[in-house]
Amino acid sequence: MPETKFDIGMTCDGCANAVKRILMKMDGVTDIVTDVEAKSAVVTHDESVPPSLMLEKLLKWSSASGKSVALAA
């Protein structure tokens, strides 16, 4: 299964849990590993879930929370 990594300006477990809640609602997302210290999240998903759609969902949270979100290089 593909993995997509995001750089996310998480500052606490609340941020990490919000990211998990948002992305786990998407059909095809099977696992999310967040790392608050590294400010990253790795999402395991099937081919039906484009990274751009996950990014779109996270950007909505980003605008509400003021946290940065980007696809990792």
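Select Thr34 to begin: in this predicted model, Thr34 sits in strand 2, and because its relative accessibility is 19%, where the limit for buried is under 20%, Thr34 counts as buried. Show the residues around Thr34 next, leaving aside its neighbours within four places in sequence, and you will find contacts with Met10, Ala16, Val19, Lys20, Ser40 and Ala41.

From Thr34, move along to the turn that follows strand 2. Strand 2 and strand 3 form a hairpin with 4 residues between them, and one residue to select here is Lys39, which is placed in the loop between the two strands. Lys39 has a positive phi of about 55° although it is not a glycine, and this is worth a pause, since most residues other than glycine have a negative phi. Is Lys39 buried or exposed, or partly exposed? At 37% relative accessibility, Lys39 counts as partly exposed.

Now colour the two arms of the hairpin. Strand 2 and strand 3 run antiparallel and are joined by 6 bridges; among the residue pairs to pick out, Ile32 has Val43 as its bridge partner in strand 3, and Asp31 has Thr44 as its bridge partner in strand 3. Strand 3 is mostly covered, with 5 of its 6 residues buried.

Stay on strand 3 and select His45, which has its place in this strand. His45 counts as buried because its relative accessibility is 3%. Which polar contacts does the side chain of His45 make? One joins the side chains of His45 and Thr4 at 2.7 Å, while the side chain of His45 also reaches the backbone oxygen of Val49 at 3.2 Å. With neighbours within four places in sequence set aside, the surroundings of His45 consist of contacts with Met1, Pro2, Glu3, Thr4, Gly28, Val29, Thr30 and Met54.

Thr4 leads on to strand 1, where the side chains are best displayed as sticks. Along strand 1 the side chains alternate: Thr4, Phe6 and Ile8 point to one face and are buried, whereas Glu3, Lys5 and Asp7 point to the other face and are not buried. Such alternation between the two faces of the sheet is what a regular strand shows in general.

Keep strand 1 selected and add its partners on either hand. Strand 1 and strand 3 pair in the antiparallel sense over 5 bridges, and Glu3 has Thr44 as its bridge partner in strand 3. Strand 1 and strand 4 also pair in the antiparallel sense, over 3 bridges, and here Asp7 has Ala70 as its bridge partner in strand 4.

Zoom out until the sheet as a whole is in view. It is an open sheet of 4 strands in the order 2-3-1-4, with antiparallel pairing. Which strands lie at the edges, pairing on one side only? They are strand 2 and strand 4, the latter covering residues 69-71. Neighbouring strands of the sheet are turned by 25° against each other on average, with direction ignored.

Add helix 1 to the view: helix 1 lies across strand 1, strand 2 and strand 3, and runs at about 165° to strand 2.

The next stop is the nonpolar core. The largest nonpolar core has 19 residues, and those with the most contacts inside this core are Ile8, Val19, Leu23 and Met54. At least two residues of this core come from each of strand 1 (3-8), helix 1 (13-24), strand 2 (29-35), strand 3 (40-45) and helix 2 (51-65), and helix 1 gives the most, with 5 residues. In soluble globular proteins, nonpolar side chains tend to be buried together.

Select Ile8 to look at this core from one of its members. Leaving aside its neighbours within four places in sequence, Ile8 is in contact with Val19, Lys39, Ser40, Ala41, Leu58, Trp61, Ser68 and Val69, a list that includes Lys39, the residue with the positive phi in the hairpin turn.

Finish by selecting residues 1-70, where UniProt, in an unreviewed entry, places the feature "domain: HMA". The end C-alpha atoms of this span lie 21 Å apart, and the span is 39% helix and 30% strand.

Terms used
Residues numbered from 1 in each chain as written. Predicted model: local features only at pLDDT ≥ 70, side-chain atom pairs only at ≥ 80, totals over all residues. Heavy atoms only, no water. Core = buried A, V, L, I, M, F, W, Y, C linked by side-chain atoms within 4.5 Å. Buried < 20%, exposed > 50% of the residue type's maximum accessible area, 1.4 Å probe, protein only. Contact = heavy atoms within 4.5 Å. Pairing = 2+ DSSP bridges. Axes fitted to C-alpha atoms, helices over the stretch in contact; angles between N-to-C directions. UniProt positions renumbered as here; feature names shortened; annotations may be inferred. Polar contact = N/O pair within 3.5 Å; in protein donor to acceptor, adjacent residues only side chain to side chain.
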